[in-house]
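Let's take a friendly look at how two helices can sit against each other, and at how aromatic rings can pair up. Have the structure open as you read.

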Amino acid sequence: MYTLIESRTFILNHYDVDLANKIVLQKGDKDRHKMLLFVLKSVIPFERMINSVDDIFGELLREVGLVNDTVELFYFAKNRIPDYVNRLRNNVILVE
């Protein structure tokens with residue numbers, strides 16, 4: 001969850017929709033964003049967790065894998081990351 005929250009903060013602090021559109025127009029086909037996918041794959045545990053959490057992570061990775069440019073990255077961070085954070089918070093069991 002921390003990585004999602006921090007990724008969202010970073011993206012929203014560095015981009016707005018106008019800048020994202022300018023980047024897409026300037027870079028065209030070269031504007032590819034796979035860093036968020038790489039980061040998430042590197043921090044998600046390899047061992048299986050609670051089924052509902054596994055399902056959320058699987059869905060998250062599939063959706064992030066579809067992010068292709070800066071505009072999509074901006075809107076994903078703005079609109080979708082909060083949903084995933086809430087879903088994970090609702091499904092994580094804290095062990096004391």
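What follows is a short walk through one helix pair and the aromatic pairs of this predicted model.

**Two helices side by side**

Begin with helix α1, residues 2-14, and helix α5, residues 70-91. Their axes lie 9 Å apart, and the helices pack at an angle of about 160 degrees. Angles over 145 degrees count as roughly antiparallel, and α1 and α5 are therefore roughly antiparallel to each other. Their crossing is left-handed.

Which residues of α1 meet α5? They are L4, I5, R8, I11 and L12. On the α5 side, the residues they meet include L73, F74, A77, I81, Y84 and L88. Sorted by class, this contact has 12 nonpolar residues, 3 charged ones and no polar ones.

**Aromatic pairs**

Now for the rings: searching the whole structure gives 2 aromatic pairs.

| Pair | Centre to centre | Angle between planes | Arrangement |
|---|---|---|---|
| F74 and Y75 | 5.4 Å | 75 degrees | edge-to-face |
| F76 and Y84 | 6.3 Å | 40 degrees | tilted |

Are the partners buried or exposed? Buried means under 20% relative accessible area. F74 has 8% relative accessibility, so F74 counts as buried. Its partner Y75 is partly exposed, with a relative accessible area of 36%. In the other pair, F76 is buried at 4%, and Y84 counts as buried at 0%.

F74 and Y84 link the two parts of this story: both are among the α5 residues that meet α1, F74 pairs with Y75, and Y84 pairs with F76.

Methods:
Residues are numbered from 1 along each chain as its sequence is written. This is a predicted model: local features need pLDDT of at least 70, side-chain atom pairs count only at pLDDT 80 or more; totals for chains, interfaces and linings use all residues. Side-chain values use heavy atoms; hydrogens and water are left out. Axes are lines fitted to C-alpha atoms, for helices over the stretch in contact, and angles run from 0 to 180 degrees between N-to-C directions. Helices (H or I, at least four residues) and strands (E, at least two) are DSSP runs, numbered from the N terminus. Angles under 35 degrees count as roughly parallel, over 145 as roughly antiparallel, 65 to 115 as roughly perpendicular and the rest as oblique. A crossing is left-handed if the near helix is turned anticlockwise from the far one by less than a right angle, and right-handed if clockwise. Contact means heavy atoms within 4.5 Å. Ala, Val, Leu, Ile, Met, Phe, Trp, Tyr, Cys and Pro count as nonpolar, Asp, Glu, Lys and Arg as charged, and the others, Gly among them, as polar. Rings of Phe, Tyr and Trp (its six-membered ring) pair if their centres lie within 6.5 Å; planes under 30 degrees apart count as stacked, over 60 as edge-to-face and the rest as tilted. Buried means under 20% relative accessible area, exposed over 50%, partly exposed in between (1.4 Å probe, protein chains only).
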